[in-house]
Every structure is written in C-alpha cells, then in structure tokens.
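Biologist: I should like a close look at a single part of this protein rather than a general tour. Please choose one helix, begin where it ends, and then set it in the context of the whole chain.

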Amino acid sequence: MDDDTALYLLVGERLREARARTPDKVTQEGLATAVGLERSSVTNIEAGRQKAPLHVLYALARELRVELATLVPTSEELVAYKPDKEVDIGGNARVVPASVAAIVSRQS
C-alpha cells in the first residue's frame, strides 16, 4: 500500500472515530450538513475513497470540536499504520484487522 492510500484511510478512520466520540453521536448526515457537504462525501472520506482538501478537513475538525492534528497522522504513525483487510473466511468476505488477515492468509 502506498503512503497516499494509507494516509487517506487513516484520516478517514480518525474522522469516523472523532464523530463517534461526540456527546450527541453526530451522524454522517449531520456532519455533512454542518460543513456543506453531501452525506456521501463524508462516507467516502471516512472510507478513504475521497481525498478531502485541507479546508474541508479543517471544517470537519472544527465541527467535531477537535484539533485538525487529531485527524492527520504524524509520519511515524503513517509508517506504522496497518489497515483492516478483507479476507475470505469460509466462503464469506470479512473485514478483519491486518494482524488477523496475516494469520488467515497463512492458513489458506
């Protein structure tokens, strides 16, 4: 996985976690409306499929009342990042932590 892909996956995970930690459990729809985006944009940013410009990340962080640095990883965090992986378990696709995916792959 290249650094750009890892970066946007990690930013998306952090955005989703920050949204879930809000006292009122802000929805994707509510966050999107508050910052002038479509819900699908927030969904795609959280999934790492959409590259959010800096001003959008800033608006999202401000709305969630977190520092922008909370959403953006350090270079060390980026290098150490191991995203969840999709693996086939008993004929069914499952998303599991990278450490579990490595074990499943060895058993296949």
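Modeller: Helix α4 is followed by Arg65, a residue whose phi is positive, near 60°. The coordinates belong to a predicted model, and the values below should be read in that light. Arg65 is not a glycine, although its phi of about 60° is positive. In general, most residues other than glycine have a negative phi. Arg65 belongs to the loop between α4 and α5. Its relative accessible area is 78%, and because a value over 50% counts as exposed, Arg65 is classed as exposed.

The helix that precedes this residue, α4, spans residues 54-64. Its buried residues are Val56, Leu57, Ala59, Leu60, Ala61 and Leu64. These buried positions pack against four helices, namely α1 (3-21), α2, α3 and α5.

The contact with α2 can be described in further detail. Helix α2 covers residues 28-35, and it packs with α4 at an angle of about 115°. The axes of the two helices are 10 Å apart, and their crossing is right-handed. On the α2 side, Leu31, Ala34 and Val35 take part, and they meet Ala59, Leu60, Glu63 and Leu64 of α4. By class, this contact has six nonpolar residues, one charged residue and no polar ones. Of the α4 residues in this contact, Ala59, Leu60 and Leu64 are also listed among the buried residues of the helix.

Helix α3, another of the partners of the buried α4 residues, runs over residues 39-46 and includes Thr43. The side chain of Thr43 makes a polar contact of 2.8 Å with the side chain of Arg39. Leaving aside residues up to four places away in sequence, Thr43 touches Gln28 and Arg49.

A second positive phi occurs ahead of α2. Lys25 lies in the loop between α1 and α2, and its phi is near 50°, again in a residue other than glycine. Lys25 has a relative accessible area of 54%, and because exposed means over 50%, Lys25 also counts as exposed.

Past α5 (68-71), the chain enters the loop that leads to α6 (75-80), where Thr74 is found. The relative accessibility of Thr74 is 39%; because this value falls between the limits of 20% and 50%, Thr74 counts as partly exposed. Thr74 and Leu7 are 67 residues apart in sequence, yet their C-alpha atoms are 9.7 Å apart in space.

Finally, the whole chain. The protein has seven helices and two strands, which follow one another in the pattern α-α-α-α-α-α-β-β-α. Of its 108 residues, 33% count as buried. Among contacts between residues at least 6 apart in sequence, 49% join residues at least 24 apart. The accessible surface comes to about 7000 Å², and carbon and sulfur atoms account for 51% of it.

Note on methods:
Residues are numbered from 1 along each chain as its sequence is written. This is a predicted model: local features need pLDDT of at least 70, side-chain atom pairs count only at pLDDT 80 or more; totals for chains, interfaces and linings use all residues. Side-chain values use heavy atoms; hydrogens and water are left out. A polar contact is a pair of N or O atoms within 3.5 Å; within protein, one must be able to donate a hydrogen and the other to accept it, and residues adjacent in sequence count only if both atoms are side-chain atoms. Contact means heavy atoms within 4.5 Å. Buried means under 20% relative accessible area, exposed over 50%, partly exposed in between (1.4 Å probe, protein chains only). Accessible areas come from the Shrake-Rupley method with a 1.4 Å probe; for residues, only the protein chains shown count as cover. Axes are lines fitted to C-alpha atoms, for helices over the stretch in contact, and angles run from 0 to 180 degrees between N-to-C directions. A crossing is left-handed if the near helix is turned anticlockwise from the far one by less than a right angle, and right-handed if clockwise. Ala, Val, Leu, Ile, Met, Phe, Trp, Tyr, Cys and Pro count as nonpolar, Asp, Glu, Lys and Arg as charged, and the others, Gly among them, as polar.
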